[in-house]
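This report introduces selected features of a structure to a reader who is new to it. Please keep the sequence and the 3D view at hand while reading.

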Amino acid sequence: MSRLTLVIVAALRWSVPDGASAQTEAPSADRALARDILRELVEINTTDSLGNTPRAARAMARRLVAAGFPAADVRVLIGPDARHGNLVARYRGTTGGRPIIGFAHLDVVPARRADWSVDPFALLEKDGYFYGRGTTDDKVGDAILVADFIRLKRAGFKPRRDLILMLTGDEETAGSCIAWLVTKHRDLIDAEFALNTDAGGGVLRDGRRVMFVVQASEKVYATYVLEATDKGGHSSLPRPADNPVYRLASVLQRLAQYQFPVKLNEVSRAFFERSAALETGALAEDMRGVLKDPPDSAAVAHLSAVPFYNSKLRTTCVATLMQAGHAENALPQSAQVTVNCRILPGEPAAEVAATLERLAGDDRIALRTVYTPIPSPPSPLTPAIMGPIERLVAEQFPNVPIVPVMEAGATDGLFLRNAGIPTYGVSAVFEEQNDVRAHGRDERLRVQSFYEALEFWYRMMQAFASAR
């Protein structure tokens, strides 16, 4: 049995109804503060094209300074260019020791009012949910960190070692802000390890808490463009064999039907082992089936039909953007499709690119890399990390099992891991497994989940900052 399995296995329990109250809850004044911070952040449109992350960083800095943090310990860092703002704040410890980072990101993906049933940039509380862009990704994390820093300060908490709060400005696009902080301001963010609000979390299924997920690794983000070109001409004289749109259409069909091979690593294998122990019936059998060598083909087919599980099984590539032609009465001179890939850790990106070229099957279609893959090593789930988390989960969410996970998405955590700072996703926000709306229409956050996570992070920061 691996060390990872030994650390996790003690946490296995049966799920409990979501309606069961947590044993601890933030005081009403602290909940009101957190809600107000979340409102302020949602109502600052930090879509990357608008360049508003400096404004959001300054707004959070003002709150921290007003709560009593020395201005010298609350740094708004504009960079790597004038359009991007980051916040790094330090809660000073008493006896030294390497600091701990808690981090989130200020930027959000675009949201058009016409696409939403509500205003995406006005926080709305309705039917037990907070609606608004960033409510789950990741202004919930920003609000929790800032509100809990203020609550700890007001409570007179004296950490043994420093706590660092870090909010970055472009996680949803280039990730240049965290890369710049690591390179240019390493002294401000050097730490023993980091806790990420933008990964991990709680899983609900039909209103029941089924697992508390800790992210220890993540897939590798990569973006490619496939482009076909032609000399063009008048639309009254079509040449179907040369039309770039038609040539790419066949490529898209092959891409849609293609599945990368199943490859499990230590974290994803532990995820299916632990999940199989929690499930019953066919789903549990399928999870055990994919653990076989070779994996059971029927089990693979069943789990592959569920995006949540499919993302844990293999590398995925999907077409996300298309552009073609220049006039309605002209033959297109070019057509291109953007393909976004999430590559398994350890799988060579060159092999993924070669697969896309093979699927293209046409030497007139060029492949170019738009976002170069940046792999990062898994972070070890040691008893020193998992012990406090297990205790806090048992106190606040009794009988909910802890399960390690490989994140399907990419986060700023990869840059910290590559800088030698182990990073763990522990958002503590419970979401319905089949109703994840991050990056989508009517993004929303359960009000109860927000306040539960607020309390969990308050206690988790105390626990880790007080440890010797």
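## Helix H10 and its surroundings

The buried residues of helix H10 are covered by elements that include helix H8 (266-278), helix H9 (281-290) and helix H11 (307-313), where contact means heavy atoms within 4.5 Å. The model is a predicted one, in which local features need pLDDT of at least 70 and side-chain atom pairs count only at pLDDT 80 or more, while totals for chains, interfaces and linings use all residues. Residues are numbered from 1 along each chain as its sequence is written, and side-chain values use heavy atoms, with hydrogens and water left out. Helices (H or I, at least four residues) and strands (E, at least two) are DSSP runs, numbered from the N terminus.

Helix H10 spans residues 297-304, and its buried residues are Ala299, Val300, Leu303 and Ser304. Viewed down the axis of H10, these buried residues fall within an arc of 125°, so they line one face of the helix; the arc is that of the directions from the helix axis to the C-beta atoms. Buried means under 20% relative accessible area, exposed over 50%, and partly exposed in between (1.4 Å probe, protein chains only). In general, an α-helix has 3.6 residues a turn, so residues three or four places apart point the same way. At the N-terminal end of H10, Asp296 acts as a cap, with a side-chain oxygen 3.2 Å from the backbone nitrogen of Ala298. Pro294 belongs to the loop between H9 and H10.

## Strands and sheets

Four strands form an open sheet in the order E13-E15-E11-E16, with antiparallel pairing; two strands pair if DSSP finds at least two bridges between them. Strand E13 (316-324) and strand E16 (365-371) are at the edges with a single partner strand each, so one side of each has no neighbour in the sheet. From one strand to the next, the twist averages 25°. Helix H7 (residues 244-257) lies across strand E11 (220-229), E13, E15 and E16, and runs at about 20° to E15. Axes are lines fitted to C-alpha atoms, for helices over the stretch in contact, and angles run from 0 to 180 degrees between N-to-C directions.

Strand E10 (residues 208-218) has ten of its eleven residues buried, so it is largely enclosed by the rest of the structure. In the hairpin of E9 and E10, two residues lie between the strands, and Asp206 takes a positive phi near 55°.

The bridges of three strand pairs are set out below.

| Strand pair | Sense | Bridges | Citation of pair |
|---|---|---|---|
| E13 and E15 (residues 334-343) | antiparallel | eight bridges | E13 with E15 |
| E9 (residues 201-205) and E10 | antiparallel | five bridges | E9 with E10 |
| E10 and E17 (residues 402-407) | parallel | six bridges | E10 with E17 |

Individual partners can be located as well: Gln323 is bridged to Gln336 in E15, Gly201 stands opposite Val213 in E10, and Phe212 has Ile402 in E17 as its bridge partner.

## Backbone features in loops

Most residues other than glycine have a negative phi, and most peptide bonds are trans. A cis peptide bond joins Asp293 and Pro294, with omega about 0°. Another cis bond links Asp137 and Asp138, with omega about -5°; Asp138 lies in the loop between strand E6 (129-131) and helix H4 (139-154).

Asp127, in the loop between strand E5 (124-126) and E6, has a positive phi of about 55°. Asp442, in the loop between strand E19 (430-432) and strand E20 (444-446), has a positive phi near 50°. Are these residues buried or exposed? Asp127 is exposed, with a relative accessible area of 65%, whereas Asp442 is buried at 6%.

How values were computed
A polar contact is a pair of N or O atoms within 3.5 Å; within protein, one must be able to donate a hydrogen and the other to accept it, and residues adjacent in sequence count only if both atoms are side-chain atoms.
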